[in-house]
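Here are my notes on this entry, as numbered points. Please read them with the structure open.

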Amino acid sequence: MRVALACDWFLKYAAAQAAALARAGAQVLLVCRTHAEEFGRDPSERERALEDARRAGVLVLELPGRLSDPRAAAAVFRLRRQVRGFAPQLVHVHDGTDPRMLPLLAGPPTVLTLHDPAPHPGQPLPGARKRWFLHGSRDMWRARASVIVVHSERLRDQLVLDPQQRAAVIAHGLHIAPRPLQPPPRPTVGFFGRLAPYKGLEVLARAMPCVWTERPEVHLRVRGSGESTLPLADSRVTVEREYLPESELWRFFASISLAALPYTQASQSGVGSVAAGYGVPAIVTALGGLADLALDQSYVVHPGDEQALARAILAHIDDGAEVRER
């Protein structure tokens, strides 16, 4: 089967998906943007994400320029000829795919993966014209799709399907390390990812003093870039406001005892999947598919409840190798 994959963001996911499809025997074309925003604006990090797909035999086509840049029209025309030459039998797009890819990938049956069926609150919005353009194209992709994919059964109810559409639930997936990372010598709670308003940093900031009343030696490490801040100043807190390259992920997770995902709104979490792949237990909130990442309900807390978050941290900060193996 000849499959064309397309994305704007979610390139890390789509590149791994393309490589897996190619290894399973499909002929795969991956169409993506040239920007490296998803990779901390590091083009070399972006290239590394595409290397595995190319090695697997995936043909990668890149769409340059901004959405409103008329100079990109020639590139779109060239890509259209290449897509026609590939003649895909199936198109799989990820939510938010560039509107310019709508005519590029018209014709074959379409599958759409919705990583977040409901938009995150507090996200920065583009201008009115661009927002209208992007929302309109998103609606067109959704209307075109024969199948809409979400990452958890808990997200199925958030979908509104047309009569001819069906939903499919496919787990987010993860890379599993050969063996779990060992617990670090210093008990440490870790928060990693984009620092966005819905991530619950303020809840974590309220929970840590509750943790310290019983375990004053516990540290907190926060790593990521974004507009939100951790409203907590303490010598036991380390905040690194920078993008964490894929090559350094294991170092971060090797330094923490628990991953904290105190999100106040969420569908799923790539961060939680990475933690699970390293054997690092995660405390999550009861939102969307986050509970799928927990070993049991003792790792799941109500969103916004700092007391419950603190109790869960205290209950699991000393989880050992047996838990990590599970």
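1. A definition comes first. Helices (H or I, at least four residues) and strands (E, at least two) are DSSP runs, numbered from the N terminus. Arginine 41 then has a clear address: the loop between β2 (27-33) and α2 (43-55). The model is a predicted one.

2. Backbone check, arginine 41. Its phi is positive, about 60°, although the residue is not a glycine. Buried or exposed, for arginine 41? The cut-off for exposed is over 50% relative accessible area. Arginine 41 has 64% relative accessibility, so it counts as exposed.

3. Backbone check, phenylalanine 10. This residue sits in the loop between β1 (2-6) and α1 (11-23). Its phi is near 65°, again a positive value in a residue other than glycine. Phenylalanine 10 has a relative accessible area of 25%. Buried would need under 20% and exposed over 50%, so this side chain is classed as partly exposed.

4. Overall dimensions. The protein has 326 residues and a radius of gyration of 21 Å. A compact globule of that length would have a value near 20 Å, so the two agree. Along the principal axes, the C-alpha atoms fill a box of roughly 65 × 45 × 40 Å. The secondary structure comprises 10 helices and 13 strands.

5. Burial and contacts. Of the 326 residues, 50% count as buried. Take the contacts with a separation of 6 or more: 65% of them come from residues 24 or more positions apart.

6. Surface and charge. The exposed area is about 15,500 Å². Carbon and sulfur atoms supply 54% of it. There are 39 positive and 34 negative side chains. The centres of these two sets lie 8 Å apart.

7. The open sheet. In what order do its 6 strands run? The order is β10-β9-β8-β11-β12-β13, and the pairing is parallel. β10 (237-240) and β13 (300-301) stand at the edges. Each has a single partner strand, so one side of each lacks a neighbour in the sheet.

8. Strand β8. All 5 of its 5 residues are buried, so the rest of the structure largely encloses this strand. Thr188, Gly190 and Phe192 point one way from β8, while Val189 and Phe191 point the other way. In a regular strand, side chains alternate between the two faces of the sheet.

9. Strand β9. This strand covers residues 219-223 and is mostly covered itself, with 5 of its 5 residues buried. Which residues of β9 point the opposite way from Leu220 and Val222? They are His219, Arg221 and Arg223, and they too are buried. The two arginines deserve a look in the viewer, as buried residues of β9.

10. Register between β8 and β9. Strand β8 (residues 188-192) pairs with β9 in the parallel sense over 5 bridges. Threonine 188 has histidine 219 of β9 as its bridge partner. Further along, phenylalanine 191 is bridged to valine 222 of β9.

11. Register between β11 and β12. Strand β11 (residues 258-261) and strand β12 (residues 282-285) also pair in the parallel sense, over 3 bridges. Here the bridge partner of leucine 261 is valine 284 in β12.

Methods
Residues numbered from 1 in each chain as written. Predicted model: local features only at pLDDT ≥ 70, side-chain atom pairs only at ≥ 80, totals over all residues. Heavy atoms only, no water. Rg over C-alpha atoms; globule rule 2.2 N^0.38 Å. Buried < 20%, exposed > 50% of the residue type's maximum accessible area, 1.4 Å probe, protein only. Contact = heavy atoms within 4.5 Å. Areas by Shrake-Rupley, 256 points an atom, 1.4 Å probe, with all protein chains shown as cover. Lys, Arg positive; Asp, Glu negative; His and termini not counted. Charge placed at Lys NZ, Arg CZ, Asp CG, Glu CD. Pairing = 2+ DSSP bridges.
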